[in-house]
Each structure stands twice: as structure tokens, then as C-alpha cells.
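Thank you for making the time this morning. I would like to walk through one model with you, and I will ask you to keep the coordinates open while I talk.

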Amino acid sequence: AFRKWKWRIEAEYVKGVTNLLDAYVQYPLTPKLTITVGQHKAPYGLEANSTDAFNSFLERGMANTAFGAIGAERRVGVSLGYASDHLYVTGGIFGSGETIGRNNTTPDEGWGVNGRIVWEPIVDTNKLVHVGISGYRATNFASNTVTIEDRPGTRIDGGRIVSVAITGTAPVAPATGAQTGAKDATFLGAETALVYGPFSVQGEYDRVSINRLGTAPTVKFDGFYVFGSWFLTGESRAFKGGSADRVKPFNDFDPSAGKWGAVELLVRYDQLDLTDHDLSPLARKATSWTGGINWYLNPNTKFIVNYIRFKGQNSPLYVRATPAVGTGPRTAEGDVFQTRLQFDF
């Protein structure tokens, strides 16, 4: 069995609570085709399908996180993956996460289908061209309600820089009546990454449409990020299997030998726009700029510094008294300086 089967169980312990992350088994049907069963990452975007330890910033782009919570991230399901030297295709059908519970207003769990296609026509040790698309269709939301939101690139507190909710009602059996709220969601995303020696750029554009029950019109939201990276020490960003991979410094940190590891400088622009005037007359748009320094002491040890300048229109983070009508939108602005010393094995 161990010559063919692969398996993974991973959990996290945060603030006194243990959560199950990955719990799946995997079997190669052919040298290029693999089936995965259990709780695992649904096919969805570049940052989301890369291991968090290998992503360039402390947090993923805002749209990536906000839209992933609707119909992606880790869910229980079955998927098929095809991998060649230049083409990667993954598709599957998924339910909710393993923590799902049923009650009177939510007699069943949500489900959906996900897919991702990546093409890398150029793959070399210091050169890469990566393009991809992904999508999902999700339905059967709890109480026909969907909330789309994210934090401003940090998890220092629970505050959301922007948030919108499509609320609904689902009659409790045996009661009858018209249902309202979110019927299903359709997501489409595009991704790209280019690497040339120590320089690289990466970006993703995401768009989600929420189809509502009854005569209510469909609402649409979008977002994107783009960032640039430069290794002062000459290394290149690495990719494997259509996702970001581990950076290996030319020289591991050893001051006695005059070796200092690898140093990477980064800058990112990130935007999440939850404005839809069919839902609300208010503009709900969040933007942020992030400057970063990644210091790779060795392939398994990484020191990360991020400085974030964020802004959100009609943001839940706005704390002053609501202005009178006609005085303009409520804008929340702020700065975050955050670091992480990371060791993974």
C-alpha cells in the first residue's frame, strides 16, 4: 500500500481550539492521473492552492480569501488531477467542511463543483511562464445566506475591512412559503506568474456572481492583486505542480563563513470591490499596498516582514459617528506592521 497510496492528516491549534485541515487519501490511477478522496483543498486559484508556508506574503489577497470562503478552501469531496510537464488540470465535486452540522433551518449541507487548469509553457530553474483559470459553482447555502468579507491583509484582530451579506429565509418544514436569499454562486478566476532570474511578477483576478431566489437580480463582485518580487541575493522563486514551491537559498545562513541566506523584496497592490447597487447604494471597496521583506535563512526557516497601508469605503472598521447624509462615504484607513518567524518541516 505504501508504494502507491499517499495520505495526509493535518490539524491546527489556535486559541484553545483544534481544527482539522487536511484529511485525505490519494491514489495514482496512472502516472499522470491521481484521485484524491477526503477533506482537501478544492481547485481554486494560485495562492489558495499553494501551501501557505510558500506564499510570498503573510496573508493571501483579499478577493482570494473572501470568494474562497463561498465555494472553495478545504472541503470534503473527491477530485481528479492530471499532471504533465507543462499542463495541470484538476476537477472535483465537494460538500462542506468536516465541521458541518445540520439543524431545522439547514437540513442539508452545501455542495458544488470546482475546476482549475494551469499551463506553464516555460519551466526552468530561473525562468517560468505560468497562466491559469479556475472556477466553481456552489449552492445550497445555510439559510440561503452568504456573507462576503475579509480582513485588511492581517489577522491581528477580527476586524473586516469590507463586508456584504446576502441574507435569506428558508421555511422550516413543514411550513411553506417563498424562499429568499442566495440560490447559488458562480466564480471565475484568472492567474499568472512570470519569473526571470531574481525578478518575478504574479497576479490574480477574481469575479463571483451570486444568483438570488425569486425576482431579485444577480449581484456581482470582483477583486484582484498584483505583486513584484526581487531577490537581492540572486535566487529565483520556485514553482512545482502549478503552485508556488520552496525557495532554496544559494547559501544557508552562516555568519562565521560570511553567508547570510537569501533576501527578497516585494510590493503588492490588492483590491476587493463588493459594490453592487442592486444590493445597496453604498460603495464597499477595499484597497491596500503592502511592502515586504522575506529573509530565507535556509530552505526551512524564513523571517517575514510586511508593512500594510489599507483603506476601505463604508467599512465595518469605521469607528467615528456616522456622518450626516450627503457628507460622503465612511472611509476607514490604517497601517499594519507585522512579522513572522517561520520554521516548517
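What follows is a short tour of strands, empty spaces, a surface patch and one salt bridge.

Please bear in mind throughout that this is a predicted model.

Let me start with the strands around β6, which covers residues 111-123. On one side, strand β5, residues 87-94, pairs with β6 in the antiparallel sense over eight bridges, and within that pairing Val89 has Ile117 as its bridge partner. β6 is also joined to β7 by eleven bridges, again with the strands running antiparallel, and there Val123 stands opposite Leu128 of β7. The connection between β6 and β7 is a hairpin of three residues.

The strand β6 comes back when we turn to the second largest pocket, which holds about 350 Å³ of space. That pocket is lined by 23 residues, and those closest to its centre are Ala69, Ile70, Arg75, Phe141 and Ala142. The elements that each supply at least two residues of this lining are α2, β6, β7 and β8, and by class the lining has nine nonpolar, eleven polar and three charged residues.

β6 also contributes to the surface, where it gives two or more residues to a nonpolar patch, as do β1 and β2. The patch has about 1,100 Å² of accessible area together, and its members include Trp5, Trp7, Ile93, Trp111 and Val113. Val78 belongs to the patch too, and this residue lies in strand β4, residues 74-83.

Now to the enclosed spaces: how many cavities of 30 Å³ or more are there? The count comes to two. The largest cavity, with about 90 Å³ of space, is lined by 13 residues, and nearest its centre lie Ala53, Phe54, Val247, Tyr296 and Lys302. Strands β16 and β17 each supply at least two residues of that lining, which divides into five nonpolar, four polar and four charged residues. The second largest cavity holds about 60 Å³, and its lining includes Phe54, Val247 and Tyr296, along with Arg237, Asp245 and Glu264. Here the division is five nonpolar, one polar and three charged.

Finally, charge pairing. The model has 14 salt bridges, and one of them joins the side chains of Arg155 and Glu59, at 3.3 Å from N to O. This pair links distant parts of the chain, 96 residues apart, with Arg155 in the loop between β8 and β9 and Glu59 in the loop between α1 and α2.

Key:
Residues numbered from 1 in each chain as written. Predicted model: local features only at pLDDT ≥ 70, side-chain atom pairs only at ≥ 80, totals over all residues. Heavy atoms only, no water. 1 Å grid on protein atoms, 1.4 Å probe; cavity = no way out; pocket = protein on both sides within 12 Å on 5 of 7 lines; lining within 4 Å. Points joined across faces, edges and corners; volume = space filled by probe spheres on them. Helix = DSSP H or I, 4+ residues; strand = E, 2+ residues; numbered from the N terminus. Nonpolar A, V, L, I, M, F, W, Y, C, P; charged D, E, K, R; others polar. Pairing = 2+ DSSP bridges. Patch = residues over 30% accessible without salt bridge, like charges linked within 9 Å, V, L, I, M, F, W, Y side chains within 5 Å. Areas by Shrake-Rupley, 256 points an atom, 1.4 Å probe, with all protein chains shown as cover. Salt bridge = Lys/Arg side-chain N within 4 Å of Asp/Glu carboxyl O.
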